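Visitor: I'd like to learn how to read a few features of a protein model. Could you walk me through them, one at a time?

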Amino acid sequence: MPQPSPALDEPAATPLPGTPLPGTRVTDHRGRTDLDRTGLDLTGNPRVRVLGVELLAAAWHVLRRTTFEYLGADGRWTRQQRETYDRGNGATVLLYDPDRATVLLTRQFRFPVYVNGHPDGMLLETAAGLLDDDDPETAIRREAAEETGVEIGDLEHVFDVWMSPGSVTERLHFSAAPYTPAQRVAAGGGVADEGEEIDVVELPFDRALAMTTTGEIADAKTILLLQWAALHGPFRTR
């Protein structure tokens, strides 16, 4: 789910020298503190010692630089740094009609892909969004209703995946749900106040799967769910 840009909505305040950065000891514009302490208490891997966390940016999401020591296979500790982008965790769902062999997708403009070579930035995707303060099931029911107008009934958990583990902390919760035309109780299209302008696109499953090989569907979560549906899910016998 797109989020408004604080850079447009709220001018960033430059702290005076010697004062804490917003989001550290004092709240930022979203009321958050201690954003520079994430990871300091990690103990699960004895080969990693976290030394410090620097808050680089806290606009809508959070960019950090973490310094840590890593014990290599040669027995030596080396000091390393990594930048991580924390946008929270998310959820996505493949909506499919088993009787008509169709899937329900969304099409919307994605500036990051547009600026990185996509012809027009318009991506075909499964319905998805951030969890915010909800559990994955609640979140994806909300997102499916907002984006596609579908009121989900039975929901199947598929898997949980880190989509870009080199730099982005997000874990995405994947699910699938059958739908019928009667379950499309609203038009969908997203939440206008959040800048969403979403087209709902219904496709034959076979066509959607083929589009993953032509580049017409180039979104990772959507490709993963379509391939799951073909190999292990509702269309595995086709």
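Visitor: Let's start with Tyr114: is Tyr114 buried, partly exposed or exposed?

Guide: This is a predicted model, so keep that in mind throughout. Burial is read from relative accessible area: under 20% is buried, over 50% is exposed, and partly exposed lies in between. Tyr114 comes out at 41%, so call it partly exposed. Phe109 gets the label partly exposed too, with a value of 39%.

Visitor: How do I read a pair of aromatic rings?

Guide: You describe a pair of aromatic rings by how far apart the centres are and by the angle between the planes. A search of the whole structure turns up 4 aromatic pairs. Take Phe109 and Tyr114: their ring centres are 5.5 Å apart and the planes meet at 70°, so this one is edge-to-face.

Visitor: What kind of pair do Phe159 and Phe174 make?

Guide: A tilted one, with 4.9 Å from centre to centre and 55° between the planes. This pair ties distant parts of the chain together: Phe159 belongs to strand β8 (residues 156-162) and Phe174 to strand β9 (residues 171-178), with the two positions 15 residues apart. As for burial, Phe159 is partly exposed at 26%, whereas Phe174 is buried at 0%.

Visitor: Which residues do ring pairs link into a cluster?

Guide: Those are Tyr96, Phe205 and Phe235.

Visitor: Where does the charged end of Arg30 sit?

Guide: It sits over the ring of Trp60, 4.1 Å from the ring's centre. There's another case to look at with Arg49, which lies over the face of Trp77 at 3.6 Å from the ring centre.

Visitor: Now sheets, please. What is the strand order in the open sheet?

Guide: The general idea is that strands of a sheet pair through backbone hydrogen bonds, in a parallel or antiparallel way. Here, 3 strands make an open sheet, ordered β1-β2-β3, with antiparallel pairing. The edges are β1 (48-58) and β3 (77-86), each of which pairs on one side only. On average, neighbouring strands in this sheet are turned by 20° against each other, ignoring direction.

Visitor: How many bridges join β2 to β3?

Guide: You'll find 10 bridges between β2 (residues 62-71) and β3, and the two strands run antiparallel. To pick out one bridge partnership, look at Phe68: its partner in β3 is Gln80.

Visitor: And what does Gly52 touch?

Guide: Leaving aside residues up to four places away in sequence, Gly52 touches Leu40, Arg65, Thr66 and Thr67. Gly52 itself is in strand β1 and is partly exposed, with a relative accessible area of 22%. If you'd like a distance to check on screen, the C-alpha atoms of Gly52 and Gly39 are 8.6 Å apart, and the two residues are 13 residues apart along the chain.

Visitor: Which residues does UniProt list for "binding site"?

Guide: The unreviewed UniProt entry lists Ala128, Glu143, Glu147 and Glu196. A good habit with such a list is to compare spacing in sequence with spacing in space. These residues span 69 residues in sequence, yet no two of their C-alpha atoms are more than 12.3 Å apart, so they gather at one spot.

Visitor: Where are Ala128 and Glu143 placed?

Guide: Ala128 is in strand β7 (residues 127-130) and is buried, at 11% relative accessible area. Glu143 is in helix α3 (residues 136-148), and its 0% relative accessibility counts as buried too.

Visitor: Which residues does the UniProt domain annotation cover?

Guide: The annotation, from an unreviewed entry, reads "domain: Nudix hydrolase" and covers residues 86-225. Over that stretch the chain is 24% helix and 33% strand, and the C-alpha atoms at its ends are 24 Å apart.

Visitor: Let's zoom out. How many helices and strands are in the protein chain?

Guide: The chain has 5 helices and 10 strands. Its C-alpha atoms fill a box of roughly 60 × 50 × 35 Å along the principal axes. Of the 238 residues, 35% count as buried. For contacts, take those between residues at least 6 apart in sequence: 55% of them join residues at least 24 apart.

Technical notes: Residues are numbered from 1 along each chain as its sequence is written. This is a predicted model: local features need pLDDT of at least 70, side-chain atom pairs count only at pLDDT 80 or more; totals for chains, interfaces and linings use all residues. Side-chain values use heavy atoms; hydrogens and water are left out. Two strands pair if DSSP finds at least two bridges between them. Helices (H or I, at least four residues) and strands (E, at least two) are DSSP runs, numbered from the N terminus. Axes are lines fitted to C-alpha atoms, for helices over the stretch in contact, and angles run from 0 to 180 degrees between N-to-C directions. UniProt positions are given in the numbering used here, feature names are shortened, and annotations may be inferred rather than shown by experiment. Rings of Phe, Tyr and Trp (its six-membered ring) pair if their centres lie within 6.5 Å; planes under 30 degrees apart count as stacked, over 60 as edge-to-face and the rest as tilted. Buried means under 20% relative accessible area, exposed over 50%, partly exposed in between (1.4 Å probe, protein chains only). A charge sits over a ring if NZ of Lys or CZ of Arg is within 6 Å of the ring centre and within 35 degrees of the ring normal. Contact means heavy atoms within 4.5 Å.
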